[in-house]
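Student: Got a minute to go through this model with me? I'd like to start with the sheets and then move to the core.

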Amino acid sequence: MTVFYGVLLLLAALLIVLLVRTASMKPTPALHAEPPRVDPARARSYAEKLSAMVRQETVSSRFDPDRSKFERFQVSLPSLFPKVFAACEVAHPGAGLVLRLPGRGASGKEPILLMSHHDVVAAPEQGWEHPPFSGDIDAEGRVWGRGTADTKGSLMCELQALEELLEAGWQPGADVYITSSCTEEWSGDSAPAIVAYLKERHVHLGMLVDEGGMILKEPIAGVKGRYCVVGVLEKGYGDVKFIARGKGGHASAPGRNTPLPRLGAFMNDVEKHSPFRVEITPAVREMFSRMAPNMSFPMKLVFANLWLFGPLVKKLMPAISPAGAAMMQTTCAFTTAKGSDGLNVLPSEAYVTANLRFIHHQPNEESLALLRKRAEKHGLEMEVLYQDHPCKPVDYQGAPFKLLEKVAGEIYPGYGVVPYVMTGGTDAKYYGDVCDDALRFAPIEIDAQQYASIHGVNENLYAAALPPAVDFYKTLLRAYDAN
Ligand SMILES: [Zn+2]
């Protein structure tokens, strides 16, 4: 009996500790932060520039070698941003755009680079409230069209920021680069050509800001408040093929364990029992700890006490949020498949392919070895078609991240700033040799519909979200110089 009461007492003490820890975590200003006030005329003029950029169809495809539409798009930019193009050196490696504003050279600092891409993914007409290449500006002040959010919006804001700084007579200490590729959407050769161009000129960058995270209200369900979400880790990429061989033959007397059921069993096995190591790495822990104060109750109890609930979070996350789970482990998605060519013919060879995204804490080789072992268990062969490694993580305690945080605090008072793991890829992955600190963040506030519209239908941005984004880039460029 004494033991029973002792255990009960211990549990009660633990519960008190948990509740005290949770209660002592007071909400942050992000909870009630409101978007900056905006001059409607200024927002309108930016919206019109973005509209002009969106009206030009710049869909890219690995199957279309013709780059003339991107050239036409680039040729249209000087009329929108005349001072930028008068002051900058312009080059077009890989049919992309490179602008260099020479610095006074006095600071001894490495250049800073603002980045984007101006190609877009295809946009089937169905389901759009405004046609995808209309650039319509509606009565609520939304700019509509493919590429507004991904990423002509940030390109417009970067160019406009530089335009206004030049207009004010600003001359930077260090060189300022703006680059924009035209093959980002299919990981093509444009950004690598731009990086090769920079390398030839022995350019090493002090800081780079590319697409990635944006500004979101309630970035994760249950987290209240407004947050700048900054990508600091980008996962690696892989394509793998799993092959099942059999005797083939007529489908009338198949027997057991023919190629397709083996592939099916294997896929089921990998999905149900992931072979990859799940970890709450320091960046993910930091993300949760910065958001925990504004979480609603049961969630807050869990994330304020990760020291206790960490294993539970690792176990449950795949069921709660695929995106959250993808930040903690290598992922494997089965994407294409082939059996025999005849409806009544057993395949003598069948395959499925899988797309992998490699996490930083588990080497590619280890993830692949685990998959191979699992494949062999089901009598399959495995072939690695392509792989690249995760990008070098950006230190969220380093000077460039801190500078971004400071600027975000000036332009978006009260907003939280959180690091996160990019589960998708960006052009920034090619810049590893020329930059140690590639921050993946576009300083534009979007809502849940706009976030979901990227690569989907009804892509749009609020015009009112553009002036603070322009101010963000202006303040960043000045602050980088002064820092
Ligand atoms: Zn995209």
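**Sheets and cores**

Tutor: Start with an open sheet of four strands, paired antiparallel in the order β10-β12-β8-β13. Keep in mind that this is a predicted model.

Student: Which are the edge strands there?

Tutor: β10 (331–338) and β13 (381–388) are the edge strands. Each of them pairs on one side only.

Student: How many degrees are neighbouring strands turned against each other?

Tutor: On average 20°, with direction ignored.

Student: And how many bridges join β8 to β12?

Tutor: There are 10 bridges between β8 (residues 236–245) and β12 (residues 349–358), and the two strands run antiparallel. For a landmark, take G238: its bridge partner in β12 is L356.

Student: What lies across β8, β10, β12 and β13?

Tutor: Helix α12, residues 364–377. Its direction is at about 160° to β13.

Student: New topic. Is strand β3 enclosed or open, and why?

Tutor: Largely enclosed by the rest of the structure, because six of the six residues in β3 (residues 112–117) are buried.

Student: Which residues sit on which side?

Tutor: I112, L114 and S116 are on one side, and L113, M115 and H117 are on the other. Both faces are covered, and all of these residues are buried. As background, side chains in a regular strand alternate between the two faces of the sheet.

Student: What does β3 pair with?

Tutor: One partner is β5 (residues 176–181), in the parallel sense over six bridges. There, L113 stands opposite Y177. Another is β6 (residues 207–217), also parallel, over three bridges. I112 has M207 as its bridge partner in β6.

Student: Now the core. How many residues does the largest nonpolar one have?

Tutor: It has 107 residues. L208, C228, V230 and L466 have the most contacts inside it.

Student: Why does that core lie between domain 1 and domain 2?

Tutor: Because both domains give residues to it: domain 1 (40–234 + 392–482) and domain 2 (236–388).

Student: Back to L208. What is it in contact with, leaving aside neighbours within four places in sequence?

Tutor: L113 and M115, for a start. Those two belong to the buried residues of β3. L208 is also in contact with A428, Y431, C435, D437, A438 and L439.

Student: What about a second core: which residues does it include?

Tutor: There is a separate one of 16 residues. Among them are A244, V270, C332 and A375.

Technical notes:
Residues numbered from 1 in each chain as written. Predicted model: local features only at pLDDT ≥ 70, side-chain atom pairs only at ≥ 80, totals over all residues. Buried ≥ 20, exposed ≤ 12 C-beta atoms within 10 Å, placed from the backbone. Pairing = 2+ DSSP bridges. Core = buried A, V, L, I, M, F, W, Y, C linked by C-beta atoms within 7 Å. Domains from an automatic or database assignment. Contact = placed C-beta atoms within 7 Å. Axes fitted to C-alpha atoms, helices over the stretch in contact; angles between N-to-C directions.
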